[in-house]
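Please open the model in a viewer with selection by residue number enabled. The tour proceeds by selections, each followed by a description of what is found there.

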Amino acid sequence: MFRETAITDIQRDSALDDASVGFMMDEDTFRAFYERTARGLWAYLARITGDRQLAEDLLQETFYRFLRAAATYDNETHRRNSLYRIATNLARDVRRRSLARATSIQTGDDIERVPSGQDAGATERNTDFTRAMSRLKPRERAILWLAYAEGASHREIAEVLSLSPGSLKPMLFRARRKLAELLGRAPRGGKP
């Protein structure tokens with residue numbers, strides 16, 4: 001599912017000479033970081049774009065750009081937030097290009113695969129949730145996914161999505177309420 005990306009692959013693909021490529025991660029560090037973050041990042045991209053194949057492509061492009069940036073990071077959280085910021089910006093760019101062409105990104109109801117043996121009620125709930133998420137705006141999906149699937153703090157989400165930290169709490173509240181309405185769990189306009 002996930003193609004192995006290596007620093008040497010990036011260097012080989014680069015038109016820059018070796019002296020100008022100053023990576024801050026060695027091969028082993030990158031592999032460990034990739035293994036810790038790739039699956040969650042792919043799930044995030046699949047959820048906000050609604051397209052599994054596009055998520056694959058964006059995942060690889062995200063790691064490519066992350067390595068090419070050759071930035072230094074204070075800690076693992078800073079590195080991870082930078083990775084998610086790159087992914088978010090790539091997803092936004094794809095959305096803008098597709099809107100400019102007057103085509104929509106596939107919302108795909110097949111994102112959630114239900115394991116065999118799962119009951120019909122669980123399958124229906126997964127399908128309802130996927131449909132409800134696809135009806136949210138990309139930013140709303142991103143906020144909800146980062147908050148609840150990734151467990152990111154408000155500060156981290158604001159950093160990843162380039163939002164002011166003060167605006168995130170009400171945006172998260174509205175996105176959560178809208179999702180609940182779409183799932184039929186809260187009355188429109190009423191208190192949750």
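Select Gly184, just after α8: this residue takes a positive phi of about 75°. Helices here are DSSP runs of H or I with at least four residues, strands are runs of E with at least two, and both are numbered from the N terminus. The model is a predicted one, in which local features need pLDDT of at least 70 and side-chain atom pairs count only at pLDDT 80 or more, while totals for chains, interfaces and linings use all residues. Residues are numbered from 1 along each chain as its sequence is written, and side-chain values use heavy atoms, with hydrogens and water left out.

Step back next to α8 itself. Its 18 residues reach 26 Å from first C-alpha to last, close to the 26 Å expected at 1.5 Å a residue; the expected span is 1.5 Å times one less than the number of residues. Colour Leu168, Met171, Leu172, Ala175, Leu179 and Glu181, which are buried in α8; buried means under 20% relative accessible area, with a 1.4 Å probe and protein chains only. An α-helix has 3.6 residues a turn, so residues three or four places apart point the same way.

Move to Ser162, which follows α7 and has a positive phi near 55°. Within α7, the buried residues include Glu156, Ile157, Ala158, Val160 and Leu161.

Now keep Leu161 selected and add Leu41, Tyr44, Leu45 and Phe63: these five have the most contacts inside the largest nonpolar core, which has 45 residues. Such a core is a set of buried Ala, Val, Leu, Ile, Met, Phe, Trp, Tyr and Cys residues joined through side-chain atoms within 4.5 Å. The helices α2 (27-49), α3 (52-69), α4 (76-100), α5 (120-135), α6 (138-149), α7 (154-161) and α8 (165-182) each supply at least two of its residues, and α2 gives the largest share, 10 residues.

Which residues does Tyr44 touch, not counting those up to four places away in sequence? They are Tyr84, Thr88, Ala142, Trp145, Leu146 and Leu161, where contact means heavy atoms within 4.5 Å.

Display the whole chain: it has 8 helices and 0 strands, and 42% of its 192 residues count as buried.

Finally, colour by pLDDT, the predictor's confidence in each residue, from 0 to 100. The chain mean is 74, and 68% of residues reach 70 or more. Over residues 10-23 the value is below 50, with 16 contacts beyond near neighbours in sequence. Residues 102-117 also stay under 50, with 27 contacts beyond four places in sequence. Where pLDDT is low, the predicted coordinates should not be read in detail.

Terms used. Buried < 20%, exposed > 50% of the residue type's maximum accessible area, 1.4 Å probe, protein only.
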